[in-house]
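Biologist: Please show me the model, and then explain the terms used to describe it.

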Amino acid sequence: SNSQMMEGSSMNLGWENCRAKGASPGFKVAILGAAGGIGQPLSMLMKMNPLVSVLHLYDVVNTPGVTADISHMDTGAVVRGFLGKEKLDEALTGMDLVIIPAGVPRKPGMTRDDLFNINAGIVKTLCEGIARCCPRAIVNLISNPVNSTVAIAAEVFKKAGTYDPKLLLGVTMLDVVRANTFVAEVLGLDPREVDVPVVGGHAGVTILPLLSQVKPSCSFTPEEVNYLTDRIQNGGTEVVEAKAGAGSATLSMAYAAVKFADACLRGLRGEAGVVAYAFLESQACSASQPCYLDVHVAGLEKAKKELAASIQKGVSFARK
Ligand code: NAD
Ligand code: LMR
């Protein structure tokens with residue numbers, strides 16, 4: 001797996017078979033883990049997205065309350081709630097996009113990999129449902145450790161015979177959102193005008209901000225590069241420590257997830273030139289890309305080593 005620039009147009013990613021021709025305007029979106037810290041604001045923001053016509057909220061607890069609450073918003077999407085494992089298939093049937101923020105978050109002192117034991121099984125069960133009920137849906141996987149859960153999902157889909165690497169996207173958009181914010185602060189710019197490519201995975205040294213490729217074009221001192229790289233790579237830990245046991249990033253994550261989901265829906269609609277970053281299996285972007293190698297070779301080697309181990313851990317779990 002690798003992270004790459006995702007050309008979201010349906011032509012480039014081959015999403016043209018994802019929806020029936022002549023389907024009504026607006027997309028059907030399911031959120032799995034919709035009652036959680038990320039799930040609730042994410043559900044609210046997706047209810048506000050004009051590209052969404054049907055919004056399915058699934059969780060193993062508290063879905064009725066969240067659904068009743070969100071369904072009162074006077075926006076277009078029709079909201080339906082699904083509570084408990086026996087409702088998973090119904091929640092997934094007919095979906096164009098499935099967003100997964102289900103799973104436990106970190107507490108101070110933990111790594112994302114410490115969540116593997118609990119979240120691996122959750123992701124496996126949910127992806128088995130996707131393979132059964134909406135195998136051509138685009139999947140946005142948020143549950144940590146993303147560097148391993150994407151590999152678990154891939155193995156589940158391979159076993160079911162439904163795997164298409166273009167449809168399985170590990171969500172790393174929060175790293176991009178953070179990078180834009182921190183770089184804008186250093187440059188004294190509005191973050192909306194800044195575009196920082198971030199490739200690799202979603203944990204520590206596997207997060208690779210490409211500070212030489214920032215738009216608008218600019219240069220940083222070595223001290224600024226060190227400060228920015230460290231802050232971007234450890235942004236998650238900064239929030240975990242500030243929340244002091246009450247979880248990890250939820251609000252900025254919901255914002256990032258919606259930004260990413262919106263790019264996916266616009267790509268699915270056929271809009272040209274949609275670009276976003278994600279963690280996915282790809283032949284198109286390998287370590288041999290010269291534009292990355294000139295300045296990032298040291299970081300890239302470190303990232304590749306850790307990523308290979310995390311991916312293998314997910315594969316082994318799913319195959320056993
Ligand atoms: P949370 O505990 O507040 O919410 C998780 C929700 O998942 C809960 O409502 C829970 O009931 C639900 N859930 C648990 N098992 C389930 C199952 N089998 N099926 C459906 N739902 C289930 O946690 P959170 O703060 O929302 O974080 C969720 C996950 O997202 C964590 O793993 C966290 O590490 C990860 N995360 C990823 C990123 C990223 O950038 N990719 C950013 C922030 C958090
Ligand atoms: C983040 O980057 O905020 C998330 O991956 C949550 C975490 O555990 O840091």
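The exchange below takes up the ligand shells and one helix pair.

Modeller: This is a predicted model, in which local features need pLDDT of at least 70, side-chain atom pairs count only at pLDDT 80 or more, and totals for chains, interfaces and linings use all residues. Residues are numbered from 1 along each chain as its sequence is written, while chains are lettered from A and ligands numbered from 1 in the order in which they are written.

Biologist: What makes a residue part of the shell around ligand 2?

Modeller: The C-beta atom, placed from the backbone, has to lie within 6 Å of the molecule. P105, R106 and N144 are among the residues that meet this for ligand 2. Around ligand 1 there are 33 residues, and N144 is one of the closest.

Biologist: Which helix gives the most to the shell around ligand 2, and what makes it a helix?

Modeller: Helix 9, residues 235-243, with four residues. A helix is a DSSP run of H or I of at least four residues, numbered from the N terminus. For ligand 1, the largest share, also four residues, comes from helix 5, residues 116-133.

Biologist: How do you know that helix 5 meets helix 6?

Modeller: Two residues are in contact if their C-beta atoms, placed from the backbone, lie within 7 Å. Residues of helix 5 including F116, V123 and A131 meet residues of helix 6 including S148, I152 and A160.

Biologist: How do the axes of helix 5 and helix 6 lie?

Modeller: They come within 9 Å and cross at roughly 35°, with axes fitted to C-alpha atoms over the stretch in contact and angles running from 0 to 180 degrees between N-to-C directions.

Note on methods: Helix = DSSP H or I, 4+ residues; strand = E, 2+ residues; numbered from the N terminus.
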